[in-house]
Amino acid sequence: MFQSNVRKRLAVNKAMTLVIIACAATAITPLLWILGTLFVGGAGALSWEFLTAEPGAVGTGVPLAIGPAIQGTLIIIGLSGILGIPVGVMAGVYLAEIGRGRLAAQVRFFMDVFMQVPSIVLGIFAFLAIVLLVGGFSLWAGAFALSLIMFPIVARSTEGAMRMVPWSLREAGTALGLRGWVVTLRVVLPAAKRGIITGVLLSVSRVGGETAPLIMTILGSSQFFAGLSDPMDALPLRIWRLSLQPYDEARLAGWGAALVLVLVILAIHVGVRYWFVHRGKGLIASPGRAGA
């Protein structure tokens, strides 16, 4: 009887293990297929001139380079992070540590709804609120539109990460005579650092590939950075424009730009995780230095 039950459990365990492996393979296969397609289609376009020069026109002999688009993508992601990440982290801290009752529930509902708003709607809002008022397309307008996409993602991720921190850590800090804001800043936030960084990187991945808000805000340009109040190119915009042209040269450049965009986002992920997690450096102190 006992041996029969053990055999049954082992069989069920093996079956479920195979099912889990099959599900994981099913989830990974499309990603590998996409990456492989990008590499096969875009690797032929990669060159130093393609990555650093200003774009030319089809048939002129000048390559359809993406130098300004790479520069613009990095700048606008940085500006969007400066605007959206602090607001998102502070909102997450409020929801996790302070917010109670009806107001907190309404804020959470607002965040959840805001994450589902189509990006083109946020782009139109930034167009009406900034572009029309200022009188021109600019990097600031694009960064504002993308920050509206970033901050609810960061806020909900920060709240979830902070709620995963054991309450005993807060009690220990309070028992040592620390004020509530000190406990939050020096104990809870460092303990939730990995989850917060994951939310930040998810928001960066989301805004890094957005095209619609940029069409309405930064418009695009074939020149390198000239100022925050001027139009600028970005990789999603360049890919979109190249995809509209019926020329093989433009399509090859579009595949190359798409591959570079994926590599840029991947480099940001690897760099941020290594710097803030593995090296334990950054604006938030590590738990080991919280009591220093």
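**Entry 1: terms and starting point**

I take buried to mean under 20% relative accessible area, exposed to mean over 50%, and partly exposed to mean anything in between. With that cut-off fixed, I looked up Leu219 in this predicted model, and at 35% relative accessibility Leu219 counts as partly exposed. I then asked where Leu219 lies. I found Leu219 in the loop between helix H10 (212–217) and helix H11 (235–243). I checked the backbone of Leu219 as well, and noted a phi near 70°, a positive value in a residue other than glycine. I made a note of this because most residues other than glycine have a negative phi.

**Entry 2: the whole chain**

I turned next to the overall make-up and counted 12 helices and 0 strands in the protein, so that, read from the N terminus on, the elements run α-α-α-α-α-α-α-α-α-α-α-α. Taken along the principal axes, the box filled by the C-alpha atoms is roughly 75 × 60 × 40 Å. Of the 292 residues in the protein, I find that buried residues make up 40%. I looked up the exposed surface too, which comes to about 16200 Å², with carbon and sulfur atoms supplying 70% of it.

For the contacts, I restricted myself to pairs of residues at least 6 apart in sequence, and of these contacts 72% join residues at least 24 apart. How many positive and negative side chains does the protein have? I count 22 positive and 11 negative ones, and the centres of the two sets lie 20 Å apart.

**Entry 3: spans from the record**

I consulted the UniProt record, an unreviewed entry, which lists residues 70–274 as "domain: ABC transmembrane type-1". In the model, I find that this span is 80% helix and 0% strand, and that its end C-alpha atoms lie 22 Å apart. The UniProt entry, again unreviewed, also places the feature "transmembrane region" at residues 15–40, 74–97, 109–131, 137–155 and 252–276.

I looked up two of these spans in the model. Over residues 15–40 the chain is 100% helix and 0% strand, with the end C-alpha atoms 37 Å apart. Residues 74–97 are likewise 100% helix and 0% strand, and there the end C-alpha atoms lie 33 Å apart.

**Entry 4: two residues of helix H6**

I picked Ile149, which lies in helix H6 (residues 139–163), and asked whether Ile149 is buried or exposed. Its relative accessible area is 3%, so I record Ile149 as buried. Leaving aside neighbours within four places in sequence, I find Ile149 in contact with Ser119, Leu122, Arg206, Val207, Glu210 and Pro213. I also looked up the distance from Ile149 to Gly84, 65 residues apart along the chain, and their C-alpha atoms are separated by 8.1 Å.

Glu159 lies in helix H6 too, and because its relative accessibility is 5%, I count Glu159 as buried. Which residues does Glu159 touch, not counting those up to four places away in sequence? I list Gly92, Leu95, Ala96 and Arg108.

**Entry 5: aromatic rings**

Taking rings to pair if their centres lie within 6.5 Å, I arrive at a count of 4 aromatic pairs. One of them is formed by Phe110 and Phe114, whose ring centres are 5.1 Å apart and whose planes stand at 35°, so I class the pair as tilted. Both Phe110 and Phe114 lie in helix H4 (residues 101–115), 4 residues apart, which is about one turn of the helix. I note that Phe110 is partly exposed, with a relative accessible area of 41%, whereas Phe114, at 17% relative accessibility, counts as buried.

I then looked up Phe125 and Phe144, which form a tilted aromatic pair at 6.0 Å centre to centre, with 35° between the planes. Because Phe125 lies in helix H5 (residues 119–134) and Phe144 in helix H6, this pair ties together parts that are 19 residues apart in sequence. Phe125 counts as partly exposed at 44% relative accessibility, and Phe144 counts as partly exposed at 25%.

Finally, I asked which residues form one aromatic cluster, and I noted Phe110, Phe114 and Phe151 as its members.

How values were computed: Residues numbered from 1 in each chain as written. Heavy atoms only, no water. Helix = DSSP H or I, 4+ residues; strand = E, 2+ residues; numbered from the N terminus. Buried < 20%, exposed > 50% of the residue type's maximum accessible area, 1.4 Å probe, protein only. Contact = heavy atoms within 4.5 Å. Areas by Shrake-Rupley, 256 points an atom, 1.4 Å probe, with all protein chains shown as cover. Lys, Arg positive; Asp, Glu negative; His and termini not counted. Charge placed at Lys NZ, Arg CZ, Asp CG, Glu CD. UniProt positions renumbered as here; feature names shortened; annotations may be inferred. Phe/Tyr/Trp six-rings, centres within 6.5 Å; stacked < 30°, edge-to-face > 60°.
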